[in-house]
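User: Hi! I have a structure to go through with you. Could you walk me through it?

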Amino acid sequence: MRAWSEPGQVWVAVIDTGTGIAPEDLPHVFERFWRSGRSRSHVSGGTGIGLAIARRLVELQGGQIEVESQLGQGSTFRFSLPMA
C-alpha cells in the first residue's frame, strides 16, 4: 500500500505482484458482474461486483479510481478522495 497527497486530494494505492490483467480487460474491471475470462470458473469465487462497489463509493465522495496492470507483473489500483 502507498498513500500520498496532492493539492486538495489524498491518494491511496494498493499494489500487487500477481498475474496482472490483460490490456483488453482493463476497460472492464470496474463494471458490475464483469470477470476476466480466466477467472470465470466457479472455483475462483467472486461475483465481479467488488470493484464496481468501490468505484461507486469513491465517486460518491467526489474521488476517482484507476487501475494500471501488466501481465506477469501485477496491478496497481489507486483512488483519490478530496480533502475536507
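Analyst: Happy to. Let me start with a term: a salt bridge is a side-chain nitrogen of Lys or Arg within 4 Å of a carboxyl oxygen of Asp or Glu. With that in hand, Glu66, Glu68 and Arg78 are linked in a network of salt bridges. Please keep in mind that this is a predicted model, where local features need pLDDT of at least 70, side-chain atom pairs count only at pLDDT 80 or more, and totals for chains, interfaces and linings use all residues. Residues are numbered from 1 along each chain as its sequence is written, and side-chain values use heavy atoms, with hydrogens and water left out.

User: How many salt bridges turn up in the whole structure?

Analyst: The search finds two. In one, the side chains of glutamate 66 and arginine 78 meet at 2.7 Å, N to O. That pair links distant parts of the chain, with glutamate 66 in strand 3 and arginine 78 in strand 4, 12 residues apart. In the other, glutamate 68 meets arginine 78, also at 2.7 Å, N to O. Here glutamate 68 sits in strand 3 and arginine 78 in strand 4, 10 residues apart.

User: Is arginine 78 buried or exposed?

Analyst: Arginine 78 counts as buried, because its relative accessibility is 15%. The cut-offs are under 20% relative accessible area for buried, over 50% for exposed, and partly exposed in between, with a 1.4 Å probe and protein chains only.

User: And what about glutamate 66 and glutamate 68?

Analyst: Glutamate 66 is partly exposed at 27%, and glutamate 68 is partly exposed at 47%.

User: Let's zoom out. What order do the elements come in?

Analyst: From the N terminus on, they run β-β-α-β-β, so there are one helix and four strands. Helices (H or I, at least four residues) and strands (E, at least two) are DSSP runs, numbered from the N terminus.

User: How are the strands arranged in the sheet?

Analyst: The four strands form an open sheet in the order 1-2-4-3, with antiparallel pairing. Strand 1 and strand 3 (64-70) are the edge strands, each pairing on one side only. Two strands pair if DSSP finds at least two bridges between them.

User: Which bridges does strand 2 make?

Analyst: Strand 2 (residues 9-15) pairs with strand 1 (residues 2-6) over five bridges, in the antiparallel sense. Seven bridges join strand 2 to strand 4 (residues 74-82), and these two also run antiparallel.

User: Any particular residue pairs I can look for?

Analyst: Sure. Tryptophan 4 stands opposite tryptophan 11 in strand 2, and serine 5 stands opposite valine 10 in strand 2. On the strand 4 side, glutamine 9 has proline 82 as its bridge partner.

User: What does glycine 8 do in that hairpin?

Analyst: The hairpin of strand 1 and strand 2 has two residues between the strands, and glycine 8 takes a positive phi near 80 degrees there.

User: Now the helix. Where is isoleucine 53?

Analyst: Isoleucine 53 is found in helix 1 (residues 50-60). Isoleucine 53 is partly exposed, with a relative accessible area of 44%. The C-alpha atoms of isoleucine 53 and phenylalanine 30 are separated by 8.3 Å, and the two are 23 residues apart along the chain.

User: Last one: how much of the protein is buried?

Analyst: Of its 84 residues, 29% count as buried.
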